[in-house]
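I opened this notebook to keep track of what I looked up, beginning with the whole chain and then turning to single elements and residues.

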Amino acid sequence: MSTATTTPPSRVAAMAPAIRNWGAPVTLAVLALLALVGFAIGSPHATARFRISAKADAIQVPDVQLGTTLVGWAAAVVLLLLAGYAFRSTARAEALPRWIVPVFASVWVIAFLVWVIGSANNPNVYFSGLIAGSFTLAIPLIFGSLSGVLCERSGVINIAIEGQLLAGAFGAAIVGSITQSLIAGVLAAVVASVIVSMVLAVFSIKYLVNQVIVGVVLNVLVAGLTSFLFSTVMKENSALFNSPPSFHNIRIPGLADIPVFGPIFFNQTILGYGMYVAVFLVWFGLFKTRWGLRVRAVGEHPKAADTVGIRVNAIRFSNVALAGVVAGVGGAFFTLVTSSSFSKEMTAGQGFIALAAMIFGRWNPIGAFFASLLFGFSLNLSFVLSILGTPVPNQFMQMLPYIVTIFAVAGLAGKSRPPASNGVPYVKE
């Protein structure tokens with residue numbers, strides 16, 4: 001009688017073919033070659049000047065002047081080495097170190113800045129203003145990405161971030177205009193966004209409709225509805241319905257004069273300060289509390305969560321509603337801070353950029369925060385470089401935030417895993 005032999009699990013794992021993801025190294029290689037051709041070989045042989053301090057700052061820091069040729073060649077060498085290291089790690093079926101993408105992105109952005117500013121008609125930029133403006137533009141993206149994190153950690157795909165932001169912006173504008181109250185405007189933005197969220201929750205959780213389809217339909221519905229109301233109501237009497245008050249910056253004396261960091265952390269509106277609080281609270285709630293453990297359990301394995309007494313769909317409903325609250329505040333930022341009125345589709349696809357930031361940040365509030373800052377920087381950079389008169393076509397500069405989004409999600413993010421039950425409805429047996 002023959003004796004059956006079994007292969008140990010460790011040996012089976014070793015015999016299995018290694019899965020290699022070439023997306024990240026190929027993307028890094030393409031960007032490194034672009035840097036070599038554009039920034040090094042195509043250097044304008046000029047000097048880029050970065051002003052760190054304004055004349056009114058209490059602390060004065062000398063300007064930084066960088067030669068485009070030196071920076072271009074140094075950056076190209078570093079980027080090629082990093083791309084080569086990524087190819088080597090992937091060929092060996094090793095995971096890419098987490099530091100490689102941030103370092104690569106930082107070097108590439110610095111080289112691009114030096115090259116494009118050195119090529120401008122006025123090779124001079126106020127660096128502190130560029131960074132502060134990037135944080136300001138990133139605030140609605142951060143609120144939107146936090147909304148996505150709250151939904152998807154509980155297992156509900158939130159494609160409707162764009163609709164939530166747009167509904168919040170509209171609600172803040174019309175109620176803020178009628179009442180001339182900032183608090184009422186923010187509350188109206190939250191209510192409008194929560195309504196969108198609850199429609200998403202009812203159809204996707206209760207009636208088991210495909211969550212992606214519901215999100216897309218909601219985006220189209222909100223865009224059409226707000227455009228119709230803007231044309232028929234707001235335009236007829238803009239003084240009454242489309243003239244909301246604006247939040248003003250709360251400046252902390254002394255600290256706000258610190259170069260670079262002062263305008264970012266100590267010269268913000270109440271919504272700007274609230275953004276930092278929201279990031280901390282969402283991170284702390286998800287990873288340091290019992291509530292967060294239950295949310296993550298529902299998103300990863302709802303059946304197991306149900307067996308220990310967790311009400312899966314109740315958790316999902318509450319998280320989608322909470323996500324609406326967060327997105328509503330981000331929507332209010334459009335009409336109560338960055339603009340003094342509402343306009344058609346004024347979010348301009350930033351809800352989808354927030355969704356990409358959430359994915360790039362690997363469904364983590366801190367990661368989503370930094371990813372949103374990257375997209376905010378690219379958005380602000382497109383505005384600044386258009387003013388400076390660079391050789392880059394203006395149309396390309398307008399495309400820059402979306403190009404960064406595509407590269408980040410398609411290649412640089414590498415292999416990222418969403419919650420295991422994300423998008424899967426739960427039906428209690």
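The entries below go from the overall chain to one helix, one surface patch and one residue.

**Entry 1, the whole chain.** I noted before anything else that this is a predicted model. I then looked up the secondary structure of the protein chain, which comes to 17 helices and five strands. For the overall extent, I found that the C-alpha trace spans about 85 × 60 × 40 Å along its principal axes. I also checked the radius of gyration, which is 24 Å for the protein chain and agrees with the value near 22 Å that a compact globule of 429 residues would have.

**Entry 2, cover and contacts.** I asked what share of the 429 residues counts as buried, and the figure I found is 49%. The protein chain exposes about 20200 Å², and I noted that carbon and sulfur atoms supply 69% of this area. Looking at contacts between residues at least 6 apart in sequence, I found that 76% of them join residues at least 24 apart.

**Entry 3, helix α15.** I turned next to helix α15, which runs over residues 350–360 and is mostly covered, with nine of its eleven residues buried. The buried residues in α15 are Q350, G351, I353, A354, L355, A356, A357, M358 and F360. Just after α15, I came upon R362, which takes a positive phi of about 60°.

**Entry 4, a nonpolar patch.** On the surface I looked up a nonpolar patch of about 410 Å², made by W22, V26, V30, L34 and F87. Which helix gives the most to this patch? I found that helix α2, residues 23–41, does so with three residues. One residue of the patch that I followed further is V26, which is found in helix α2. V26 counts as partly exposed because its relative accessibility is 40%, which lies between the cut-offs of 20% and 50%.

**Entry 5, residue Q164.** My last look-up was Q164, which is found in helix α6, residues 161–179. Is Q164 buried or exposed? Its relative accessibility is 0%, so Q164 counts as buried, the cut-off for that being under 20%. Leaving aside residues up to four places away in sequence, I listed what Q164 touches, namely S147, N158, S193, V196, S197, G324 and A327. With S147, I also found a polar contact at 3.2 Å, made between the side chain of Q164 and the side chain of S147.

Notes
Residues numbered from 1 in each chain as written. Predicted model: local features only at pLDDT ≥ 70, side-chain atom pairs only at ≥ 80, totals over all residues. Heavy atoms only, no water. Helix = DSSP H or I, 4+ residues; strand = E, 2+ residues; numbered from the N terminus. Buried < 20%, exposed > 50% of the residue type's maximum accessible area, 1.4 Å probe, protein only. Polar contact = N/O pair within 3.5 Å; in protein donor to acceptor, adjacent residues only side chain to side chain. Contact = heavy atoms within 4.5 Å. Patch = residues over 30% accessible without salt bridge, like charges linked within 9 Å, V, L, I, M, F, W, Y side chains within 5 Å. Areas by Shrake-Rupley, 256 points an atom, 1.4 Å probe, with all protein chains shown as cover. Salt bridge = Lys/Arg side-chain N within 4 Å of Asp/Glu carboxyl O. Rg over C-alpha atoms; globule rule 2.2 N^0.38 Å.
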